[in-house]
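Student: I have a protein model open and want to learn to read it. Can we go through it together?

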Amino acid sequence: MAKINISLEELVDAGAHFGHQTKRWNPKMEEYIYGSEGGVHIFDLTKTKPMIEEALEFLSKSAKEGKKILVLGTKKQIKDKVAEYCEEKGIAYVNERWLGGTISNFEQMKRSIKKMEEMKEGMVSGAYAKHTKKERLLIDREIDRLEKFFGGMKSLNSTPDVLFVIDTKRENSAVREAKAKKIPVVGIVDTNADPDGIDYPIPMNDDALRALDYILKLVVESISQK
């Protein structure tokens, strides 16, 4: 794979350098912070850039080795993009609330996916034709609920080998599940987060849509290039 070029200018234009308010910070992030402006921490993007490149290289290498990578991003400003980009490239993803046990109790998750697929097939084949209109409506709603939470993981037949996380603080339960199973974690870490336990931390803004979109596109590109 050709090395993906990271543009410092694009990172700045996207607002990747803005952290959280200085009073809402984790001292473990100090080494990645350049300073502060107006009560807001500013990331040192000259440190962030090579860390992004290292993370992308790891994701690309993992994908080439046939490892399954799960993308997790549930923030409202990026969740639709997570679904759009990942579905286009056939990458497993979660863009709704992380359900506890998704990794630690994977067999239960597989049963939920199987149930969803069987119900969808039943709707298409007419297996529910004898049900009342109200019963079919309830079945439809259950299919929608299962699709919402598990639809992005249909391609996973075993626990993921790598987890990419947008906002490691928000998704700390997913990070804990991954670490318990010794699954490497690549994650966007803002100034209020704990970088410990993140194998490939990407220190940058985890709120700005343009910054998240920029990184998400690079991640998807890295995973999908064989």
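What follows is a short round of questions and answers on this predicted model.

Student: How many helices and strands does the protein have?
Tutor: Start with the secondary structure, since the element names come back in later answers. The count for the protein is seven helices and eight strands.

Student: What is the radius of gyration, and why does the protein count as compact as a globular protein of its length?
Tutor: The globule rule gives 17 Å for 226 residues. The value for this protein is close to that, so the protein is as compact as a globular protein of that length. Its radius of gyration is 19 Å.

Student: What box do the C-alpha atoms fill?
Tutor: Take the box along the principal axes. Its sides are roughly 65 × 40 × 30 Å.

Student: What share of the residues counts as buried?
Tutor: The cut-off for buried is under 20% relative accessible area. Of the 226 residues, the share that counts as buried is 51%.

Student: What share of the contacts joins residues 24 or more positions apart?
Tutor: Look at contacts with a separation of 6 or more. Among these, residues 24 or more positions apart account for 62%.

Student: How far apart are the mean positions of the positive and negative charges?
Tutor: The protein has 38 positive and 37 negative charges. The distance between their mean positions is 6 Å.

Student: Let's move to the strands. In which sense do β2 and β3 pair?
Tutor: β2 covers residues 33–37 and β3 covers residues 40–43. Four bridges link these strands. One of the bridge partners is G35, matched by I42 in β3. The sense of the β2 and β3 pairing is antiparallel.

Student: Which residue in the turn between β2 and β3 has a positive phi?
Tutor: The two strands form a hairpin, with two residues between them. A phi of about 60° belongs to one turn residue, G38.

Student: Which residues of β6 are buried on each face?
Tutor: β6 is mostly covered, with five of its five residues buried. Both faces are covered. One side has V162, F164 and I166; the other has L163 and V165.

Student: Which residue of β7 stands opposite I166?
Tutor: β6 pairs with β4 in the parallel sense over four bridges, and I69 stands opposite V162 there. β6 also pairs with β7 in the parallel sense over four bridges. Opposite I166 in β7 stands I188.

Student: What covers the buried residues of α3?
Tutor: First find the buried residues: in α3 (residues 79–89) they are K79, V82, A83, Y85 and C86. After the helix comes G90, with a positive phi near 70°. The cover over the buried residues includes β4, β5, β6 and α7.

Student: Is H20 buried or exposed?
Tutor: H20 sits in strand β1, residues 18–21. Its contacts beyond four places in sequence include G39, D190 and D206. Its relative accessibility is 11%. The cut-off for buried is under 20%, so H20 counts as buried.

Student: Is D167 buried or exposed?
Tutor: D167 lies in the loop between β6 and α6. Its phi is positive, about 75°, although D167 is not a glycine. Most residues other than glycine have a negative phi. At 8% relative accessibility, D167 is buried.

Student: Is K182 buried or exposed?
Tutor: K182 is in the loop between α6 and β7. K182 is not a glycine either, yet its phi is positive, about 60°. Exposed means over 50%. With 74% relative accessibility, K182 is exposed.

Student: What separates the C-alpha atoms of E221 and I4?
Tutor: E221 lies in helix α7, residues 209–224. E221 is partly exposed, at 33% relative accessible area. E221 and I4 are 217 residues apart along the chain. Their C-alpha atoms are separated by 8.7 Å.

Student: And what separates the C-alpha atoms of L137 and K67?
Tutor: L137 belongs to helix α5, residues 133–150. L137 counts as partly exposed, at 43% relative accessibility. L137 and K67 are 70 residues apart along the chain. Their C-alpha atoms are separated by 39 Å.

Definitions and conventions:
Residues numbered from 1 in each chain as written. Predicted model: local features only at pLDDT ≥ 70, side-chain atom pairs only at ≥ 80, totals over all residues. Heavy atoms only, no water. Buried < 20%, exposed > 50% of the residue type's maximum accessible area, 1.4 Å probe, protein only. Pairing = 2+ DSSP bridges. Rg over C-alpha atoms; globule rule 2.2 N^0.38 Å. Contact = heavy atoms within 4.5 Å. Lys, Arg positive; Asp, Glu negative; His and termini not counted. Charge placed at Lys NZ, Arg CZ, Asp CG, Glu CD.
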